[in-house]
Amino acid sequence: MDKVFLRIPKKSEYMSTIRLTSSALASLKGFYLDEIEDIKVVISEICTFFIKNLEKNTDDLEIAYQAADDKIIVTVTDLNEGRIFEEQLNNDMSIMIIESLSDNFNYDLNNKSITFEKIK
Amino acid sequence: MSLEIESMLQGKDIVVKPIGEVDIYTSPQLKTNVFALIEDNKKDIIIDGESLVYIDSTGLGVLMSIYKNMKERNLNFKIVNLKPNIYKLFDITGLNKVFDIRE
């Protein structure tokens, strides 16, 4: 499984860079166009969720991609101090989209990380 | 890719055409632009999604706030020409049942 890491400032102007990097990687691994679109949307929504819900942005977001022939697993971690609460995940439009478009989705509130899997 | 917004008067409506991506970075631009059009013209608004290549949850939130603003003024708000990958997000979030969306 190939591993790729992207550490990027937690600023909204970098969202298009994150989407471009994610779609380039998914394309390289042979995902179909609609799957690439889903992967791009989900990663973007996870980053947007952290920007909306954890104000501190002096530290970066870390995006870890694990790409195999049949799937991609992506973990986004907010490296800033602070806490995310379970209630913030409920009724959030970003989470609704992430859940719908990913094959497996889980989160670790202590580490402020969200992981999803997309299977070909 | 950033966002450009074109607007034109078409009959009794104003057609707003977002060109590019509406995300957490660019969505405030769309909100400011359309709110100013509502305030200045007090006409029905059509969002033409022909050149909209991406929208995220914050962009959907902005469309919701435009819809509410117009409803309060008894104005009509319509969305047309959405690409299938964009319409999918309206479907997931249930906003396809809130907005007047046409092909």
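Visitor: In this predicted model, is A:L28 buried or exposed?

Guide: A:L28 has its place in helix α1 (residues 15-28) of chain A. A residue counts as exposed if 12 or fewer other C-beta atoms lie within 10 Å of its own. For A:L28 there are 11 other C-beta atoms within 10 Å, so the residue is exposed.

Visitor: How many Å apart in space are A:L28 and A:A67, C-alpha to C-alpha?

Guide: In sequence, A:L28 and A:A67 are 39 residues apart. In space, the C-alpha to C-alpha separation of A:L28 and A:A67 is 9.7 Å.

Visitor: In what order do the elements of chain A run from the N terminus on?

Guide: The secondary structure of chain A comprises 4 helices and 5 strands. Read from the N terminus on, these elements of chain A follow the order β-α-α-β-β-α-α-β-β.

Visitor: What radius of gyration does chain A have, beside that of a compact globule?

Guide: The C-alpha atoms of chain A fill a box of roughly 35 × 25 × 25 Å along the principal axes. A compact globule with 120 residues would have a radius of gyration near 14 Å. The value for chain A agrees with this, being 13 Å.

Visitor: Among contacts in chain A between residues at least 6 apart in sequence, what percentage join residues at least 24 apart?

Guide: As to burial, 36% of the 120 residues of chain A count as buried. Of the contacts between residues at least 6 apart in sequence, the share joining residues at least 24 apart is 65%.

Visitor: Which helix gives the largest share of the largest nonpolar core?

Guide: The largest nonpolar core has 53 residues, and those with the most contacts inside it are A:V42, A:I43, A:I46, A:C47 and A:V76. Beyond its neighbours within four places in sequence, A:I43 is in contact with A:I18, A:S22, A:I63, A:V74 and A:V76. The largest share of the core, 10 residues, comes from helix α2 (residues 33-53) of chain A.

Visitor: What is the relative direction of α2(A) and α4(A), and which hand does their crossing have?

Guide: Two packed helices are described by the angle between their axes and the distance between the axes. The axes of α2(A) and helix α4 (residues 93-101) of chain A come within 9 Å and cross at roughly 150°. Angles over 145 degrees count as roughly antiparallel, which makes α2(A) roughly antiparallel to α4(A). The crossing of α2(A) and α4(A) is left-handed.

Visitor: Which residues of α4(A) are met by residues in α2(A)?

Guide: On the side of α2(A), the residues are A:D38, A:V41, A:V42, A:E45, A:I46, A:T48 and A:F49. In α4(A), they meet A:S94, A:I95, A:I97, A:I98 and A:L101.

Key. Residues are numbered from 1 along each chain as its sequence is written. Chains are lettered from A and ligands numbered from 1 in the order in which they are written. This is a predicted model: local features need pLDDT of at least 70, side-chain atom pairs count only at pLDDT 80 or more; totals for chains, interfaces and linings use all residues. A nonpolar core is a set of buried Ala, Val, Leu, Ile, Met, Phe, Trp, Tyr and Cys residues joined through C-beta atoms within 7 Å. A residue is buried if 20 or more other C-beta atoms lie within 10 Å of its own, exposed if 12 or fewer, and partly exposed in between; C-beta atoms are placed from the backbone. Helices (H or I, at least four residues) and strands (E, at least two) are DSSP runs, numbered from the N terminus. Two residues are in contact if their C-beta atoms, placed from the backbone, lie within 7 Å. The radius of gyration is taken over C-alpha atoms; the globule rule is 2.2 Å times the number of residues to the power 0.38. Axes are lines fitted to C-alpha atoms, for helices over the stretch in contact, and angles run from 0 to 180 degrees between N-to-C directions. Angles under 35 degrees count as roughly parallel, over 145 as roughly antiparallel, 65 to 115 as roughly perpendicular and the rest as oblique. A crossing is left-handed if the near helix is turned anticlockwise from the far one by less than a right angle, and right-handed if clockwise.
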